[in-house]
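Q: Please take a close look at the surroundings of the ligand in this model. I should also like to see that part set against the rest of the chain.

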Amino acid sequence: MEYKAKKNLIEVKNENSSLFIEVINKGLLRIYKKKNNTDLIELNDSPRRALFKVEETNDFIEFNIGDYKLIIDKELNFKLFKKEKYLTTFNFNHPFDDVEKRLYYQVNIKIDDKKDYVFGLGDKMSYLDKKGYFFASYNTDDPSHQDELFPSLYKSINYLLFSIDKSFFGLYFPSTYRYTYDIAKTNLDTVKVNNFNAQQDFFLILGKDVKEVTQNYSDLVGHPYMVRMKMLGYSQCRWSYENEEMVKDVFNKFKEYKLPLDYIHLDIHYMDGYRDFTIDKTRFKDMKKLTDTLKKEDVEVIAINDAAIKLDTNFDLYNMLEKNGLFSKLNDKTYINTVWPGESAFPNYADPKCQKLISEYAYKFIKENGISGLWCDMNEPASFNGPLPKDVDHSFNSRKLDHEEEHNVYGEHMVKSFVSVFTKDNIRPYIFTRAGLSTTPKYAFAWNGDNFSLWHHLRYSLTQNLSQSISNFMFNGVDIGGFGGDTTKELLIRWIEANLFMPFIRNHSSLNTKNQEPYAFDEEALNIYKKFLDVRYKFIPYLYNLVYEMNKKGSPIIRPMFYNYEDDDIAYTINDQYMVGIDLLIAPILNKDERFRQVYLPKGEWVNYFTNEKIKGGKFVVLHENLAESGYFIRNNTIIPMFENLLHIEKEKIDTLVLHIYGKKGKVKIYEDDGKSMDYLKDIYNIYEAKFDNEVLNFKFIYQNYHSPFKTLKVIYENKTYTFEFKEYTNLSIKGDNL
Ligand code: GLC
């Protein structure tokens, strides 16, 4: 065996084949037998200089980079070490499948099932640790999905995050073809990643801890885009608020009950016969007037549009796409399947010409109707008359592209078309998608599709969202209350309590199900729901700081416990709690009739948000949570930036920033911008720093380039509120009650 190194590419050869190691940077290696096509997705894999060393012995080639070492043997398999500690062995296989009667490509990774964990894979409805199960990446719309035995959902996120005895590394498989993952199911000590079409080709993502690995992965696939601040607000939806009266009724009830609300989503009934970008005028006689009326009251309207287009020779969008040959084809003819409008054709979103045409159409639609965002559905793509055949043709320009290769990226190609619809008006996109892969969050945010009003779906909402969050889908949420089936009063309440700090919160339910708006049950349900939404709206600046970090650095907003406490064995096993940033811990009730739950508080001191009780961490505690209570804990000695008394998030109207001090000291940096335009890219934003110690507050403007509407600074300390003019303060004395 021998090796050749040319710039950042090392080729290790035996008599049969070669293994390539491409050094992208010190946290990122691309390792392959043969490189796959990655032209359908955008990766930030332009090499940066990184120091590495290659050495040859009789039996091995040794490759060193930073703390990591790869020892490659004569079979071209390799062992991975970190600081001389053995982590795992990578094995490349090319076996024959009896069922498919085809050769497939396999990468095997060794683990010790007693102390190692395998996280990631995005939206699977399962636990955080994926060991013991089989999964697949093939975008699937099957509303019967119930649990961890269901291999594929709407997204195909080919990312695995390994914790090998608490050392983390990630693997990202960049091809768009279907993968399968046997996560230590067949053999307890082996993770097998298989693919028929894609060669053994993956990115090995390194880093000193889980945070660095996650950020390096996000750097590669693209940080999630900067959302509008308003998108942290509450959205109400159902299939469907099908006419103007129903939309107004929702709006009026929210207003009457003083329930916070930022968006109402329109499901498919608003369309004329389910034709995308049309309005059924018998249901909505003047959409623009409606959206304008709501906008005046700071509530905006989002409209669904489905991937496939109604086959209708009187429909100009259909005709335009057909005339220009921009539908996907089978045997050179437009391919037809059935979706909501009946017979439908599938725009070939892979083709830039199609993207352009459809985005112009979308632009006109949102402008004419005052629509604030696009909800992109059925883009796996979903089809009711069997799946799209593998040879449906999506070729464009000179690129040959069949459905097998395009399927998983079809949804991404759809949402990518719409980015310019918003950015050309200097507005941050509101593009909400069901399908996607790891690279999609730079164009769109997501929900997890059609869950059910079932208690175990509530439990999975945590692990599903958390797994997505560490897999680069950092701005996401599930249908609160559950989509399919009838929810109950108790389930709905527990759902909002549990999901209150998910980045995106929307209550949505299916056609013919029981109403599940916050006021659909009784006064008790309404009051509890309101109490919690009010809490959410207080935390908006805290959450917006995290949105900024997400977009800037690729760090998740919500995190599994182990993400913040990777030295803590117990943190790895917690599926029913989550962290929001580093200061907020959520431990809700997730079971029917339960009034007590065990909460794991990691080491440090915690403050119960509702009772202000201080609790020492490093142990499990039992918490009593009646129906109106949930386990929210703040890390002691911290400052949480907050807003007050908001029912809608209109950044320019918010004139008060609140600093809530928990404990005796704390420090926080606060990011502020206009919350909606692309101006932050021109550095039009502010950063403040607040420090509190010994009852003295320092509040500084670290960076100032945005004209802030803040007029008042409030400080909450030891249950007292102190009000000041909004400006810089040095050594401002704030005395607590206890002095
Ligand atoms: C799909 C979506 C769901 C929507 C329904 C009707 O099932 O996942 O959210 O309500 O279609 O448009």
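**The ligand site and its setting**

A: UniProt, in an unreviewed entry, lists residues 554-640 as "domain: Glycosyl hydrolase family 31 C-terminal". In the predicted model, this stretch is 5% helix and 41% strand, and its end C-alpha atoms lie 21 Å apart. Two further domains are listed in the record. Residues 224-546 carry the unreviewed UniProt label "domain: Glycoside hydrolase family 31 TIM barrel". Here the chain is 36% helix and 15% strand, with 12 Å between the C-alpha atoms at the two ends. For residues 657-694, the UniProt label, again unreviewed, is "domain: DUF5110". That stretch is 0% helix and 55% strand, and 22 Å separates its end C-alpha atoms.

The overall dimensions give the frame for the closer view. The protein chain contains 13 helices and 51 strands. Its C-alpha atoms fill a box of roughly 75 × 70 × 50 Å along the principal axes. A compact globule of 739 residues would have a radius of gyration near 27 Å, so the 26 Å of this protein chain agrees with that expectation.

The ligand itself is surrounded by 13 residues, and D267, D377, R434, D450 and H508 are the closest of them. By character, the shell divides into eight nonpolar residues, one polar residue and four charged residues. Three of the closest residues can be described atom by atom. In D450, a polar side-chain atom lies 2.5 Å from an oxygen atom of the ligand. For R434, the separation between a polar side-chain atom and a ligand oxygen atom is 2.8 Å. The side chain of H508 has an N or O atom that is 2.9 Å from an oxygen atom of the ligand. On its own, the ligand has 310 Å² of accessible area, and the protein covers 98% of that area.

Some backbone details deserve attention next. One loop, between β29 (373-377) and α6 (403-406), holds P381. The bond that joins E380 and P381 is a cis peptide bond, with omega about 0°. M378 is found in the loop between β29 and α6 as well. Although M378 is not a glycine, its phi is positive, at about 55°.

Another pair of backbone details involves the two loops that flank α2. On one side, S240 is found in the loop between β21 (234-236) and α2 (244-256). The peptide bond leading from W239 to S240 is cis, and its omega is near -5°. On the other side, K258 is placed in the loop between α2 and β22 (263-266). K258, which is not a glycine, has a positive phi of about 55°.

A strand arrangement completes the account. Strands of a sheet pair through backbone hydrogen bonds, and the pairing may be parallel or antiparallel. In this model, three strands form an open sheet in the order β24-β28-β27, with antiparallel pairing. The edge strands are β24 and β27, each of which pairs on one side only. Strand β24, residues 309-310, pairs with β28, residues 342-345, over two bridges. Within that pairing, the bridge partner of K310 is S344 in β28. Strand β27, residues 336-339, and β28 pair over four bridges. There V339 stands opposite G342 of β28. The connection from β27 to β28 is a hairpin that passes through two residues.

To return to the part requested, the ligand lies within a shell of 13 residues, and the protein covers 98% of its accessible area. The polar contacts described for this site involve ligand oxygen atoms and the side chains of R434, D450 and H508.

Notes
Residues numbered from 1 in each chain as written. Predicted model: local features only at pLDDT ≥ 70, side-chain atom pairs only at ≥ 80, totals over all residues. Heavy atoms only, no water. Near = heavy atom within 4 Å. Polar contact = N/O pair within 3.5 Å; in protein donor to acceptor, adjacent residues only side chain to side chain. Areas by Shrake-Rupley, 256 points an atom, 1.4 Å probe, with all protein chains shown as cover. Nonpolar A, V, L, I, M, F, W, Y, C, P; charged D, E, K, R; others polar. Pairing = 2+ DSSP bridges. UniProt positions renumbered as here; feature names shortened; annotations may be inferred. Rg over C-alpha atoms; globule rule 2.2 N^0.38 Å.
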